Amino acid sequence: MLAAACPAEPTTLITELSVLSPEFADAWARHDVGFRRNDRKRLIHPDLGLLEVNCLNLYSEDGRQRLLWFTPAVGTDSVAKLDLLAVLGTQNFAR
């Protein structure tokens with residue numbers, strides 16, 4: 001049944017992880033999975049440092065495509081850093 005539900009590459013990965021990790025094999029057997037539609041990400045930008053953003057996952061109707069939509073996390077300095085990125089992105093810096 002696994003092969004019918006997944007293409008070959010993910011099936012191979014799942015098999016390998018199941019052999020190497022009893023914890024993974026147990027979680028996979030329990031179908032202990034879920035979709036997180038909202039999440040917070042921490043990104044390291046080479047010039048600006050840490051950026052904290054909220055990530056919204058928008059799925060296509062068939063679930064085969066996903067759009068990630070990032071917004072600055074409230075209460076962080078990421079808003080100001082992303083505003084600065086709009087300016088930095090137009091500059092050429094000599095490294």
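**Reading a helix pair in a predicted model**

Tutor: In this predicted model, the axes of helix 2 (residues 8–20) and helix 3 (residues 22–29) come within 5 Å and cross at roughly 125 degrees.

Student: How should I read that angle, and what orientation do helix 2 and helix 3 have to each other?

Tutor: Angles of 65 to 115 degrees count as roughly perpendicular and those over 145 as roughly antiparallel, with oblique kept for the rest. Helix 2 and helix 3 cross at roughly 125 degrees, and they are therefore oblique to each other.

Student: Is the crossing of helix 2 and helix 3 left-handed or right-handed?

Tutor: Handedness depends on which way the near helix is turned from the far one, and for helix 2 and helix 3 the crossing is left-handed.

Student: Which residues in helix 2 and helix 3 meet?

Tutor: Contact here means heavy atoms within 4.5 Å. From helix 2 come Ile 14, Leu 17, Ser 18 and Leu 20, which meet Pro 22, Phe 24, Ala 25 and Trp 28 of helix 3. By character, the residues of this contact comprise 7 nonpolar and 1 polar, with no charged residue.

Student: Where does this pair sit in the order of elements along the chain?

Tutor: The chain has 4 helices and 3 strands, and from the N terminus on its elements run α-α-α-β-β-β-α.

Student: What share of the residues of the chain count as buried?

Tutor: Buried means under 20% relative accessible area, and 14% of the 95 residues of the chain count as such. The accessible surface of the chain comes to about 7900 Å², with 58% of that area belonging to carbon and sulfur atoms.

Conventions. Residues numbered from 1 in each chain as written. Predicted model: local features only at pLDDT ≥ 70, side-chain atom pairs only at ≥ 80, totals over all residues. Heavy atoms only, no water. Axes fitted to C-alpha atoms, helices over the stretch in contact; angles between N-to-C directions. Helix = DSSP H or I, 4+ residues; strand = E, 2+ residues; numbered from the N terminus. Parallel < 35°, antiparallel > 145°, perpendicular 65-115°, else oblique. Nonpolar A, V, L, I, M, F, W, Y, C, P; charged D, E, K, R; others polar. Buried < 20%, exposed > 50% of the residue type's maximum accessible area, 1.4 Å probe, protein only. Areas by Shrake-Rupley, 256 points an atom, 1.4 Å probe, with all protein chains shown as cover.
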